[in-house]
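Let's take a walk through this structure together, one chain at a time. Keep the viewer open and turn the model as you read.

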Amino acid sequence: MKTFVLVVNRLAWFVPTLLGLLAIVFFISHVIPADPAAFVAGENATPETVAAIRARLGLDQPLYVQFWRYILSILDGDMGRSIYTGRPVVEDLLSRLPATLELTLVTVLVSIAVGVPLGVVAALRRNSWLDHGLRVVTIAGLAIASFWFAILLQLLFSMRLGWTPLGGRVEGWGPEQITGFYLIDALILQDHEILLDALQHMILPVVTLAVPATATIVRFTRAGMLNALQSNYVLYETAMGYPRRLVIWKYVLRNALIGTVTQIGLIFGILLAGAVVVEAVFDWPGLGTFAVNSILSSDYNAVMGFTVIVGTMFIVVNLVVDILHGMIDPREVR
Amino acid sequence: MRRILRKLAEDRAALFGLVLIGLLVLAAILAPWLSTHPGDVTEFHTAQRLTAPGAENWLGTDRMGSDIYSRLLYGARITITIAVTAIAVAVAIGVPIGLVAGYYQGIGSELLMRVSDIFLAVPQIVLAIAIAQTLGPSIENVILALSATYWPFWARLVYAETRSCKNEPFVEAAIALGCSPWRVMVLHILPSISSSIIVRTTIGMGGTILTAATLGFLGLGPPPPTPEWGRTIAEAREFLPMAWWYAAFPGLAIFLVVMGFNLLGDGLRDVLDPRLRRAARHDK
Amino acid sequence: MTSDLITVRGLKVSFASDAGIARVLDGVDLTIRRGEIMGLVGESGCGKTTLARAILGILPANAARIEAGQIRFEEHDILDLDEASLATQLRGRQIAYIPQDPFTAFNPVFTIGTQIDDLMRFKSPLLREGRLSARERRRADRLRVLEMLRLVQLPDPEGVLRKYPHEVSGGQRQRLMIAMALLPQPKLVIADEPTTALDVTVQAQILTVLKRLARDRGVAVLFTTHDLGTAYEICDRITVMYAGQEVEEAPVADFFARPSHPYTRKLLDSLPSSENGIRGITGEIPRLVDPPPGCRFHPRCERATEECRTTRPPTHAVAVAHDVRCHHPLQDSA
Ligand SMILES: Nc1ncnc2c1ncn2[C@@H]1O[C@H](COP(=O)(O)OP(=O)(O)O)[C@@H](O)[C@H]1O
Ligand code: SF4
Ligand SMILES: [Mg+2]
């Protein structure tokens, strides 16, 4: 019952947020430009094409009519055609979604696996050289431009040392598409060669993306742990002689991690943003590479479609994280 | 203020951050004098293209044969211009919105905050890409794109602080004394929440510089031959693995500057945020 | 076996603070006998909690320092014990703790049942006997827990165990704290202002429960309070503390009949005029960073002489078991 109320509540906020996102994108694409049709038509379009597009998009109508039509078309899955591929933008985007999702999900898992223990240790050894070191390292991790880091890694490990592939998801063709997640598909097909190959292709992009994500997780876990360690309940548990191990690894950690869960949404945002350039550097055939190609070829519909899709994904992730948080934190009553 | 400066002086990491920021500012101001080839922002020497770092070109040359060191110094000017202006605009939009929405609570405030929530619900870089793509590549447009996506951070922060501040005795006293809302907001609330704004702004500088560099890398920044750091890295990709210096040094410059703001912001937060202040210890 | 359960001798504790080193406890003596309820009374900030925490060995490690003194608990020298034996042997077994604030002393993200189960897993008196198998012991402990919850007059003991702390009222939480303190069958319970955070109506009930259960089981209690009225209700003996020095100790009847220390006298005189205990005495509590030398009360004492300003008075017995630390104690009865 509690969960149901929570879900309904969050969903009620989801709809206006989504509308807000569409309003922002609409404003950017229909209100800011002097002639939106020219953008959509691309650089080499003839005046006739532009005029045709203007009529088709109803750009001569009042703005609120345009906005209404815009929402309807998006709900209909219509984001226009890409001038670059000639296919509907939605199709292009959806076909690239699994690659990006696989990359970001693996990165999130890696970041949690590395970041949580480091954050715990930093908090337990507060003010030790390890804690100070981690502070500087995490700040540095958040200061690195990921496109630059990606290029350096590629330069060193792929070009100079030849240890990792230059880019892409696999050598040659991927596994037969089942889920679109190569790791999972390779596992289902029991194709160990492709699995290994996919993993090798993944190392550098994941490392690049994991640096800022891990730094964020370390910092939040540390702060959460310290907060909990200084709480009254830890004082009480200590006073009653609960074993230190139990206090830290059960009582404190659970409290700290509940805070960290809320950060996963934020981290997902960092990753999606980072994926744009990291994918482009490693030629990873996901949304990011698509976006960069679209930017370079002034493929306007594609860029706006990308914005809507990534924005929506981000909102959905936050919705899920919120609901998850509400479920694991018993204090949440809404 | 004295106490804050003293505490900050004890934080070696924060001091180092301050030094890095100082270097950036110096580099930007003194670019014409510090650079070895001041003309190379616009001049090409195709005969010396892609020379490795050496006595003549300390950090090597780029595809046009221009001196990378000199171009980096001029690039610092662009970075500072973009970051400072974009943040100033974002603060100028966000702070008043947060103040007013936090002070008057009503449907209007609720709406303002919802709007900023929606902005915050989308990764900044994604919105910035969409805006920059629409406006076209130029410094002004990068600044516009950044301030349009970053202002909600300050609106949210100031809103929350104003709300909790409004119930403080000194604010209630000011209201009771008949000060105008405007006066209360600017003379009473704003000064007392300024430290949070400063911390947020310092950290925001780092993030803004990174986003600006990313826009540059994507070709959405100021067009060539502007020596913008992010775009320089994009140019350099073609010449890897040979001309490693071409990609390495601009990225290092970005890293050091962002690191500077992050270190300083982190140190400032420790000093200014009483909730996080490190407790006194016997061994100090 | 002597009748003294715990003796504190010459305990000096200092705290590092922004203003400098605060001499929070300045040579405190205290004796608690087996099975007696000792009231530790003093204004807020006089060092009651610090003394309680020193006995439990849970002073904040970085900020607090024990400068001198001895704490003997039966055959143990608490200040000489290492943290591990303190945690396993004494805390929660021989010495239990009831915190001031039951609202924050429970871990918010675990059920009350989990927290009590963990307590029993490590502190159950049945562990000492060692006859039962783990399974039998758990079953027996379960029954003992439910029995104890009934004894502290909690409605629906089974239901409470399944609840999270925030789902239970403050008064009920404090009953739970009392139950948890008594379940391990300790010899001493340290109750640090256990009713201060509660509604006045609930306070009396909690006190009654605590007093009755402690009496029935022959458990000694160190009961700190800033409220003389509360101390009168529940205590066998009372020790008054002023600015980190204990100044008078007497059986409760004698204490109220013949207060001999000028500070105690003022306290009692001020009683009817003040609602919440100790207020309404002229002068200010001294700063502990730079405290007055000698008797710390001398700046506010009408009887102060040169001697008072230089040397701390030794202990005088003014009657049987009635000690006072004053150079010029009051002789007449009130
Ligand atoms: N962690 C701490 N750091 C610095 N000073 C402290 C700390 N804890 C307590 N003190 C100081 O010790 C004195 C006694 O505090 P406390 O023992 O809590 O008094 P009481 O329980 O009688 O109210 C107070 O002056 C308080 O400011
Ligand atoms: S020792 Fe002196 S100053 Fe202290 S209470 Fe007694 S008479 Fe007063
Ligand atoms: Mg206290």
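Follow chain A along its sequence and you meet one helix after another, in the pattern α-α-α-α-α-α-α-α-α-α-α-α-α. Counted up, the secondary structure of chain A comes to 13 helices and 0 strands. Please keep in mind that you are looking at a predicted model. The C-alpha trace of chain A spans about 80 × 55 × 40 Å along its principal axes. Of the 334 residues in chain A, 54% are buried.

Now move to chain B, where a UniProt record helps us find our way. The unreviewed entry carries the annotation "transmembrane region" for residues 12–34, 78–104, 202–223 and 243–265 of chain B. What secondary structure does the model show over residues 78–104 of chain B? That part of the chain is 96% helix and 0% strand, and its end C-alpha atoms are 39 Å apart. Residues 243–265 of chain B are also worth a look: here the chain is 96% helix and 0% strand, with the end C-alpha atoms 35 Å apart. UniProt also lists, again in an unreviewed entry, "domain: ABC transmembrane type-1" for residues 76–265 of chain B. In the model, that span is 83% helix and 0% strand, while its end C-alpha atoms lie 20 Å apart.

Next, look at the surface of chain B. A nonpolar patch is formed there by B:Phe16, B:Val19, B:Leu23, B:Val25, B:Leu26, B:Ile29, B:Leu30, B:Trp33 and B:Leu34, and together these residues have about 860 Å² of accessible area. Two elements of chain B, α2 (12–29) and α3 (31–34), each give two or more residues to the patch. Which element gives the most? The answer is α2(B), with 6 residues. One residue to pick out is B:Ile29, which lies in helix α2 of chain B. Is B:Ile29 buried or exposed? B:Ile29 has a relative accessible area of 52%, so it counts as exposed, the cut-off being over 50%.

While you are in chain B, try looking for disulfides. A search of the whole structure finds 0 of them over all chains. Take B:Cys165, which is in no disulfide: the nearest cysteine sulfur belongs to B:Cys179 and is 14 Å away. Why is there no bond for B:Cys179? Its closest cysteine sulfur is the one in B:Cys165, and they form no bond because 14 Å is too far. A disulfide needs the two sulfur atoms within 2.5 Å. As for its surroundings, B:Cys165 is buried, at 7% relative accessibility.

Chain C brings in strands. Here 4 strands form an open sheet in the order β2-β1-β4-β5, and the pairing is antiparallel. The edge strands of this sheet are β2 (20–33) and β5 (76–77) of chain C, each pairing on one side only. Inside the sheet, strand β1 (residues 4–17) and strand β4 (residues 64–73) of chain C run antiparallel and are joined by 8 bridges. To see one pairing up close, find C:Val13, whose bridge partner in β4(C) is C:Ile66.

Last, let's turn to charges. Side chains of opposite charge can pair when their charged atoms come close. The structure holds 39 salt bridges over all chains. One of them joins the side chains of C:Arg23 and C:Glu67, at 3.9 Å from N to O. This pair links distant parts of the chain, with C:Arg23 in strand β2 and C:Glu67 in strand β4 of chain C, 44 residues apart. C:Arg23 is partly exposed, with a relative accessible area of 38%, and C:Glu67 is partly exposed at 39%.

Another salt bridge joins C:Arg72 and C:Asp77, whose closest N and O atoms are 3.3 Å apart. C:Arg72 is partly exposed, with a relative accessible area of 30%. How far apart are the closest N and O atoms of C:Asp254 and C:Arg258? They are 2.4 Å apart, and the two residues form a salt bridge. Here C:Asp254 is buried at 11% relative accessibility, whereas C:Arg258 is partly exposed at 37%. Salt bridges can also share partners: in this way A:Arg135, A:Arg219, B:Asp11, B:Asp266 and B:Arg269 are joined into one network.

Technical notes
Residues numbered from 1 in each chain as written. Chains lettered and ligands numbered in written order. Predicted model: local features only at pLDDT ≥ 70, side-chain atom pairs only at ≥ 80, totals over all residues. Heavy atoms only, no water. Patch = residues over 30% accessible without salt bridge, like charges linked within 9 Å, V, L, I, M, F, W, Y side chains within 5 Å. Areas by Shrake-Rupley, 256 points an atom, 1.4 Å probe, with all protein chains shown as cover. Salt bridge = Lys/Arg side-chain N within 4 Å of Asp/Glu carboxyl O. Buried < 20%, exposed > 50% of the residue type's maximum accessible area, 1.4 Å probe, protein only. UniProt positions renumbered as here; feature names shortened; annotations may be inferred. Pairing = 2+ DSSP bridges.
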